[in-house]
Amino acid sequence: MYLDPDVSHAVKILIVGHFGVGKTTCIGSLSEIEPLRTEEEITEASVGFDDLSGTPDKTTTTVAMDFGRLTLSDTLVLYLFGTPGQERFKEMWEELSRGALGALVLVDPERLHESFPVLDLVERFGLTYAIAVNHFEGTTHYPLDEVREALNLTDETPVVECDVRDENSSAQALITLVKHLMSQLG
């Protein structure tokens with residue numbers, strides 16, 4: 001990975017979540033560079049593996065990772081790594097989680113049950129995390145305390161709403177994670 005010699009702090013952040021929750025879109029809305037995307041067309045080979053019922057219009061899927069960069073100051077750069085959401089790619093998590101300071105976990109309030117395997121992986125790899133509830137058009141907005149309870153989260157785990165298509169909304173979710181990470185370090 002290229003590191004700018006003028007930057008004193010480079011931080012690796014994971015953007016994670018279940019299949020079709022908006023990880024690629026989130027990195028695309030945040031990255032100051034053209035994001036690296038490893039998306040492929042969804043084919044019949046995914047039948048029986050990928051549940052498209054929650055995302056019937058989805059035509060591509062991430063098969064390795066997404067990557068973006070966000071400069072926060074002259075001395076601090078965030079490197080954003082998006083993980084694939086399918087269970088069959090969970091082996092990649094070990095590699096991607098190495099050196100990561102934390103994770104922004106995207107969840108779809110209509111498919112919260114799909115978030116539990118993701119939360120298990122985040123916790124297995126010891127990552128500090130925040131939850132961003134990605135709201136799609138036409139979906140019900142649930143109170144964040146109900147989302148927290150449904151996901152069995154501690155009171156200390158930040159939970160925020162976001163729309164990953166919107167740069168400011170995605171940035172606010174990422175700022176929530178960064179503040180949470182800083183509180184854990186301090």
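**Figure 1. Aromatic pairs in the predicted model.** Two rings of Phe, Tyr or Trp (its six-membered ring) form a pair if their centres lie within 6.5 Å. The model shown here is a predicted one, and by this rule it holds two aromatic pairs. In one of them, the ring centres of Phe67 and Tyr79 are 5.8 Å apart and the planes meet at 15 degrees, so the pair counts as stacked. Phe67 belongs to strand β3 (residues 60-73) and Tyr79 to strand β4 (residues 76-82), so this stacked pair links distant parts of the chain, 12 residues apart.

**Figure 2. A closer look at Phe67, Tyr79 and Phe81.** Through ring pairs, Phe67, Tyr79 and Phe81 join into a cluster. Are Phe67 and Tyr79 buried or exposed? Phe67 has a relative accessible area of 16%, so this residue is buried. Tyr79 is buried too, with a relative accessibility of 5%. Phe81 has company from a charged side chain: Lys12 lies over the face of this ring, at 4.9 Å from the ring centre.

**Figure 3. The surroundings of Asp108.** Here we move to the loop between β5 (100-107) and α3 (116-124), where Asp108 is found. With a relative accessible area of 4%, Asp108 is buried. What does the side chain of Asp108 reach at 2.9 Å? The partner is the backbone nitrogen of Glu110. If you set aside neighbours within four places in sequence, Asp108 is in contact with His18, Val21, Asn134 and Phe136.

Key:
Residues numbered from 1 in each chain as written. Predicted model: local features only at pLDDT ≥ 70, side-chain atom pairs only at ≥ 80, totals over all residues. Heavy atoms only, no water. Phe/Tyr/Trp six-rings, centres within 6.5 Å; stacked < 30°, edge-to-face > 60°. Helix = DSSP H or I, 4+ residues; strand = E, 2+ residues; numbered from the N terminus. Buried < 20%, exposed > 50% of the residue type's maximum accessible area, 1.4 Å probe, protein only. Lys NZ or Arg CZ within 6 Å of the ring centre and 35° of its normal. Polar contact = N/O pair within 3.5 Å; in protein donor to acceptor, adjacent residues only side chain to side chain. Contact = heavy atoms within 4.5 Å.
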